[in-house]
Amino acid sequence: MINKVRQHLSQNEALLFERSSPGKKAYQLPELDVPAVDAAEALGAENVRAEIEGFPEVSEVEAIRHFTRLSTWNYAIDHGMYPLGSCTMKYNPRINELVARIDGLAWAHPYQPEALSQGCMQVMERLELMLAEITGMDAVTLQPAAGAHGELTGILLIRALLEKRGNPRKKILIPDSAHGTNPATAAIAGYAVENIKSSSTGGVDLAALEGLVNEDVAALMVTNPNTLGVFEENIIRVAEILHRKGAMLYMDGANMNALVGMARPGDFGVDVLHLNLHKTFSTPHGGGGPGAGPVCVKKVLEPFLPTPRLKRSGKKLTFDYKRKNSIGRVKAFYGNFGVLVRALAYILAHGGPGLRNATMDAVLNAVYIRKQLEPYFDLPYPSPNMHEVVFSDDRQAKLGVRTGEIAKRLIDYGFHPYTVSFPLIVHGALMIEPTETEGKLELDQFIEAMISIAKEVETDPELVKNAPYGTRTSKVDEVTAARKPVLRWKPA
Amino acid sequence: MLDVCGAGSPEELFSHLPEAARLHRPLDLPPGISEYEIVEYFTRRAEENGIGYTSFLGAGVYRHYRPVLVDTVVSRGEFLTSYTPYQAEISQGTLTAIFEFQTMICQLTGMDVANASMYDGSTAVPEAAMMAVRATGKGRVLVAKTVHPEYREVLRTYARNQGMPVEEFGYVDGAGTLDLEDLERKMDDFTGAVILQSPNFFGIVDQVKAAAEIAHKRGALLVVIFTEAVSLGILEPPADADIVAGELQSFAITPSYGGPYAGIIATKEKLIRQMPGRLVGQTTDSRGNRAFCLTLATREQHIRREKATSNICTNQALIALMATVFMSVYGKLGLRELAEQNLAKSHYLAGKLTPRFSGKFFNEFVAKVGSPDAVNKALLKKKIIGGLPLGRFYPELADCILICATEMSRKGDMDTVGQVVQPAAATEAAEVLA
């Protein structure tokens with residue numbers, strides 16, 4: 001029974017290029033208050049272009065209708081639960097949007113004098129200090145633009161330190177349960193990747209680790225809690241094994257939503273970690289960005305952080321560009337400041353106790369879902385889970401239905417699917433992360449939907465396999481899209 | 001819920017964490033505050049930045065008017081609070097908008113394909129360089145000194161560990177354009193990428209065609225960078241480039257103290273499979289309707305892992321959407337008119353100052369002012385933020401500023417800049433002579 005949704009009409013809409021008519025416009029510019037110049041004369045005739053062929057020509061009402069109609073074709077957190085595991089799709093408070101748009105912040109130019117940037121710099125300093133306290137680390141750079149960018153920064157820091165010690169080493173160890181960005185990052189930082197098999201409980205296999213760590217290993221990249229949502233119970237031992245051989249422990253902070261206020265990476269042996277402000281600290285995902293990926297480090301890595309570094313001298317904040325050991329810049333200017341503002345607003349709104357409560361609710365919600373769904377779906381790793389839970393489709397696969405198909409059927413029930421087929425160590429994974437911002441009503445509806453689909457798999461597998469039915473766009477042919485790529489519109 | 005979970009309290013759900021790994025005290029953070037207090041906090045910070053200044057800064061970040069429609073659209077929760085459109089059936093809004101974005105970037109740049117956006121212009125540079133190196137199998141990179149200095153710094157950070165030596169070539173002192181002889185001299189058969197910017201960091205329209213010939217003759221690819229996207233409304237697109245990488249901040253993205261912005265990479269058909277980042281493609285759904293989805297994912301990290309074309313995961317979808325709305329609002333006529341206004345304003349301002357270079361410029365230029373610090377100090381007294389002192393990046397231009405005028409620059413303010421700068425420069429010159 002589908003209770004959460006019923007169909008309504010959605011508007012069709014052509015592409016902007018198809019609905020354009022010559023001469024239409026949606027803009028007004030003021031009268032020029034200076035003499036016009038002849039473009040051919042000012043730029044050289046050979047440098048002046050003809051009109052931009054195919055560019056849109058629509059009126060204002062056509063433009064607003066176009067994008068409004070498109071928007072109604074999206075599912076979003078504002079519609080309902082978005083249980084994408086590993087993505088931490090929590091509610092995005094609108095106050096964050098408002099403060100990021102305050103004129104004096106939004107229009108601050110990165111090259112305006114430091115004396116006229118003290119407000120921005122204070123925001124950054126405060127956020128750096130708060131993130132250091134939350135993670136138990138000593139220093140923070142806010143420069144990286146996203147999680148993967150933070151990973152790259154973190155690995156370059158490790159490389160710089162090891163180089164300084166005389167040998168950058170050759171390899172990064174990465175568990176087979178890791179996000180794809182981890183090995184891609186290691187490769188870009190000039191390291192070879194060695195995969196390390198997870199233990200039978202899904203964690204880092206200590207014996208395997210001991211066997212692999214030697215003078216060639218620069219670091220282990222670990223996600224904690226890992227991508228199964230399970231806390232690495234041996235994390236302190238893991239750190240010891242690495243440190244004894246002069247290697248570093250890198251932590252992917254994608255799952256910090258399970259730890260804030262309850263445990264700190266700096267306290268359990270982590271040397272470097274990146275945070276995803278768009279996950280843990282609720283800056284909106286915006287259809288896939290912008291994010292921000294601050295990197296938090298122990299004191300020993302501080303000299304290598306990207307330039308410039310924020311520095312306080314008395315009442316004044318300045319940027320320090322003269323840092324001879326720095327890895328250099330990873331991005332122009334100082335970071336995704338607008339995202340930093342949103343994250344700070346989120347931390348200020350919650351405060352210390354509020355952040356801890358959020359963590360407890362996130363874990364409570366995930367454990368609740370696990371307990372309710374355990375009778376219906378296989379749970380390959382039964383260790384206690386934290387903020388997310390990963391089932392396998394083994395039971396359903398025997399009846400011919402796979403995780404991707406169950407996910408599509410979930411759409412008909414009014415939910416965004418969970419993360420499909422990740423982590424790779426779980427066969428046919430269903431990775432569910434509710435976050436703390438879902439209430440019991442929404443959770444129960446989700447649980448009912450999942451149970452109902454599990455029953456459909458038994459009684460009518462074809463029904464599930466051909467889903468979704470209720471969407472304006474039915475199953476999309478992704479194979480043809482990749483085989484014959486059409487990546488832009490062209491006039492017929 | 002606790003009963004179902006078999007726990008007496010939420011804390012109990014954490015009891016399996018090793019004792020030594022747990023935090024046994026509250027975080028040292030103040031208690032939460034209300035919405036009103038948060039607004040107050042950030043309003044104060046904004047005030048500390050200084051209020052009521054007008055600015056002539058450019059240098060990669062430009063002041064352009066943001067049409068109201070932009071925030072109206074991006075504030076819709078359906079765009080703001082959705083994720084990467086993996087589930088095509090319920091993400092057609094974002095996917096369609098990205099497809100339109102890719103199309104408009106191609107139309108603007110003269111390239112065949114564009115990706116769904118990069119973090120920003122600066123990080124698009126090393127990604128473009130790595131692309132060229134992969135495509136040619138040649139590791140060396142030559143970059144013009146007139147590429148944004150911070151972009152070059154980012155390139156060096158990435159290149160250091162890629163076995164990708166980066167060397168710079170110069171500019172012609174009088175014109176401020178590429179030193180093509182220097183480029184020719186430094187070219188060799190191991191160079192995979194030649195990177196230049198146009199309009200260059202000095203605001204000058206540069207010689208894309210000539211550089212392309214030099215690069216192609218030795219089997220390298222040409223990468224053209226832009227930081228001022230509005231210039232594409234009037235300038236010939238860099239169609240001779242193999243890869244175009246740039247920054248879209250000018251398209252309705254607030255300066256926001258340096259980010260978030262959106263970068264692009266666009267290229268020719270033959271290099272599609274070397275592209276980093278997300279791509280949206282057109283296809284059909286099972287009912288035969290046109291539909292869009294993410295495609296060619298076999299280039300990407302979540303499939304290829306350490307063999308991916310890049311480690312990039314996120315793009316800048318919401319920021320790219322701002323640019324898409326901007327391009328739709330201005331459209332074919334508006335982007336041209338906007339560019340013409342920028343051209344008129346900057347040339348009016350240049351008439352009041354002493355341009356350092358003779359090259360043709362778009363909306364910013366290098367002005368010789370004597371002492372940039374003295375001039376800027378005098379301007380600040382009049383509530384005007386002057387140009388960027390160039391000594392920090394180009395010691396040979398320590399007596400110059402890079403100054404920018406856009407459609408938002410008023411004639412009265414430009415007159416004031418002229419009045420303040422010229423006498424100050426004259427005094428400085430007199431002092432030097434004395």
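Lys and Arg count as positive and Asp and Glu as negative, while His and the chain ends are left out. On that count chain A carries 54 positive and 56 negative charges, and their mean positions are 3 Å apart. Chain B has 43 positive and 50 negative side chains. The centres of its two sets also lie 3 Å apart. All of this refers to a predicted model.

Take chain A as a whole. Its secondary structure comes to 15 helices and 12 strands. The radius of gyration is 25 Å, close to the 23 Å that the globule rule gives for 492 residues, so chain A is as compact as a globular protein of that length. Along the principal axes, the C-alpha trace of chain A spans about 75 × 65 × 45 Å. Of its 492 residues, 66% count as buried. Its accessible surface comes to about 17000 Å², and 51% of that belongs to carbon and sulfur atoms. Now consider contacts in chain A between residues at least 6 apart in sequence. Of these, 71% join residues at least 24 apart.

Chain B can be read in the same way. It has 13 helices and 14 strands. Its radius of gyration is 25 Å, and the globule rule gives 22 Å for 434 residues; the two values are close, so chain B is as compact as a globular protein of that length. The C-alpha atoms of chain B fill a box of roughly 85 × 55 × 50 Å along the principal axes. Buried residues make up 66% of the chain. Chain B exposes about 13900 Å², with carbon and sulfur atoms supplying 52%. Among its contacts between residues at least 6 apart in sequence, 70% join residues at least 24 apart.

Next comes a sheet in chain B. Seven strands form an open sheet with mixed pairing, in the order S2-S8-S7-S6-S5-S3-S4. Its edge strands are S2 (113-114) and S4 (166-169), each of which pairs on one side only.

Walk through the sheet from S5(B). Strand S5, residues 191-197, runs parallel to S6(B), and five bridges join the two. Here B:Ala193 stands opposite B:Leu221 in S6(B). Strand S6, residues 221-226, is in turn parallel to S7(B), through four bridges. One pair to look for is B:Val223 with its bridge partner B:Ile243 in S7(B). The direction then changes. S7(B) and strand S8 (residues 263-267) run antiparallel, joined by five bridges. B:Glu247 faces B:Gly263 of S8(B) across this pairing.

How well covered is strand S7 of chain B? Five of the five residues in this strand, 243-247, are buried. The cover is on both faces. On one side sit B:Ile243, B:Ala245 and B:Glu247. On the other are B:Val244 and B:Gly246. B:Glu247 is thus a buried residue that also stands opposite B:Gly263.

Return to S5(B) for a backbone detail. The peptide bond from B:Ser198 to B:Pro199 is cis, with omega near -10°. B:Pro199 lies in the loop between S5 and helix H9 (208-217) of chain B. Chain A offers another cis bond. It joins A:Thr307 and A:Pro308, with omega about -5°. A:Pro308 is in the loop between strand S7 (295-297) and strand S8 (309-313) of chain A.

Positive phi values in chain A are also worth a look. A:Phe333 has phi near 65°, though it is not glycine. This residue is found in the loop between strand S9 (316-320) and helix H10 (337-373) of chain A. Its relative accessible area is 2%, under the 20% cut-off, so A:Phe333 is buried. A:Ser421 has a positive phi of about 60° and is likewise not a glycine. Its place is the loop between strand S11 (419-420) and strand S12 (429-432) of chain A. Is A:Ser421 buried or partly exposed? With a relative accessible area of 39%, A:Ser421 is partly exposed.

End at A:Ala40, in helix H1 (residues 39-43) of chain A. At 34% relative accessibility, A:Ala40 counts as partly exposed. Leaving aside neighbours within four places in sequence, A:Ala40 is in contact with A:Ala45 and A:Val48. A:Thr72 is 32 residues from A:Ala40 along the chain, and their C-alpha atoms are separated by 44 Å.

Methods. Residues are numbered from 1 along each chain as its sequence is written. Chains are lettered from A and ligands numbered from 1 in the order in which they are written. This is a predicted model: local features need pLDDT of at least 70, side-chain atom pairs count only at pLDDT 80 or more; totals for chains, interfaces and linings use all residues. Side-chain values use heavy atoms; hydrogens and water are left out. The radius of gyration is taken over C-alpha atoms; the globule rule is 2.2 Å times the number of residues to the power 0.38. Buried means under 20% relative accessible area, exposed over 50%, partly exposed in between (1.4 Å probe, protein chains only). Contact means heavy atoms within 4.5 Å. Accessible areas come from the Shrake-Rupley method with a 1.4 Å probe; for residues, only the protein chains shown count as cover. The place of a charge is taken as NZ of Lys, CZ of Arg, CG of Asp or CD of Glu. Two strands pair if DSSP finds at least two bridges between them.
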